[in-house]
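Here's a quick walk through the model. Have the sequence and the 3D view open as you read.

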Amino acid sequence: MQTPPTPPTPPEPEPAWTRPETPEQRADRNLVELLQELRVVQTGVQILFAFLLGMAFTERFGTLDNTQQTLYVATFLLTVVSAAVLSTPVALHRALFHRGAKRRIVELSARFTEIGLAFLALALNAAVLLLMDVVLNRTAAAVIAGATTMLFAVLWFALPWGLRRRSS
């Protein structure tokens with residue numbers, strides 16, 4: 001006995017929140033929104049970067065043990081990488097905006113933003129670990145940094161991922 005072919009599934013209706021805009025208008029809006037989000041995040045990166053730069057030139061920096069100095073270098077480099085990755089959307093826009101590639105710019109920029117946020121979360125948590133190690137002790141620092149790492153993981157990654165899954 002032969003089974004009848006499965007009828008094609010109808011396309012899903014557009015969500016009720018879809019705006020009446022062309023793909024080009026949507027790409028323009030998405031890019032503007034993304035760049036605004038990046039402006040906010042870049043301020044945090046710049047503050048962390050300035051703090052880390054200043055820290056190396058303080059008198060107390062010389063009292064850090066080898067582990068703390070290694071953690072400082074790792075934190076500093078994670079901050080530099082997050083600044084570079086989070087700035088990439090601006091560079092992409094500058095290089096490609098007159099080439100009709102706005103939708104591609106938005107796609108790539110969104111991906112770089114996600115990667116940059118991951119590096120920023122690592123940098124911030126490494127800074128927490130370093131600071132708590134200097135102020136408290138290594139065990140307390142590990143516990144506190146573990147807690148802040150979980151906080152970032154939930155708020156920046158798990159929550160948006162879960163909401164995206166539920167809305168699709």
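The notes below go from the whole chain down to single residues.

## The chain as a whole

Keep in mind that this is a predicted model. The protein chain has four helices and zero strands, so the pattern along the sequence reads α-α-α-α. Of its 168 residues, 26% are buried.

Among the contacts between residues at least 6 apart in sequence, 70% join residues at least 24 apart. As for the outside, the accessible surface comes to about 11700 Å², and carbon and sulfur atoms account for 66% of that.

## Helix α1

Helix α1 covers residues 23-55. With 33 residues at 1.5 Å each, α1 should span 48 Å, and its end C-alpha atoms sit 47 Å apart, so the two values agree.

Which residues of α1 are buried? They are Ala27, Leu31, Leu34, Leu35, Leu38, Gln42, Val45, Leu48, Leu52 and Met55. These buried residues pack against α2 and α3. A general point helps when reading a list like this: an α-helix has 3.6 residues a turn, so residues three or four places apart point the same way.

## Thr75 in helix α2

Helix α2 runs over residues 66-96, and Thr75 lies in it. Is Thr75 buried or exposed? Thr75 counts as buried because its relative accessibility is 0%, and the cut-off for buried is under 20%.

Leaving aside residues up to four places away in sequence, Thr75 touches Leu52, Ala123, Ala126 and Ala127. Leu52 also turns up among the buried residues of α1.

## Helix α4 and its bend

Helix α4 has 30 residues and reaches 42 Å from its first C-alpha to its last, close to the 44 Å expected at 1.5 Å a residue. Where does α4 bend? At Val154, by about 35°.

Within α4, Ala141, Ala145, Thr148 and Phe152 are buried. What covers the buried residues of α4 includes α3, residues 102-135.

## A nonpolar patch on the surface

Met150, Leu151, Val154, Leu155, Leu159 and Leu163 make a nonpolar surface patch of about 550 Å². Val154, one of these patch residues, is also where α4 bends.

Leu151, another patch member, sits in α4, which spans residues 138-167. Leu151 has a relative accessible area of 48%, so it ranks as partly exposed, given that exposed needs over 50%. Phe152, by contrast, is one of the buried residues of α4.

Key
Residues numbered from 1 in each chain as written. Predicted model: local features only at pLDDT ≥ 70, side-chain atom pairs only at ≥ 80, totals over all residues. Heavy atoms only, no water. Patch = residues over 30% accessible without salt bridge, like charges linked within 9 Å, V, L, I, M, F, W, Y side chains within 5 Å. Areas by Shrake-Rupley, 256 points an atom, 1.4 Å probe, with all protein chains shown as cover. Salt bridge = Lys/Arg side-chain N within 4 Å of Asp/Glu carboxyl O. Helix = DSSP H or I, 4+ residues; strand = E, 2+ residues; numbered from the N terminus. Buried < 20%, exposed > 50% of the residue type's maximum accessible area, 1.4 Å probe, protein only. Contact = heavy atoms within 4.5 Å. Expected span 1.5 Å × (residues − 1). Bend = angle between axes of the 7 residues up to and from the residue.
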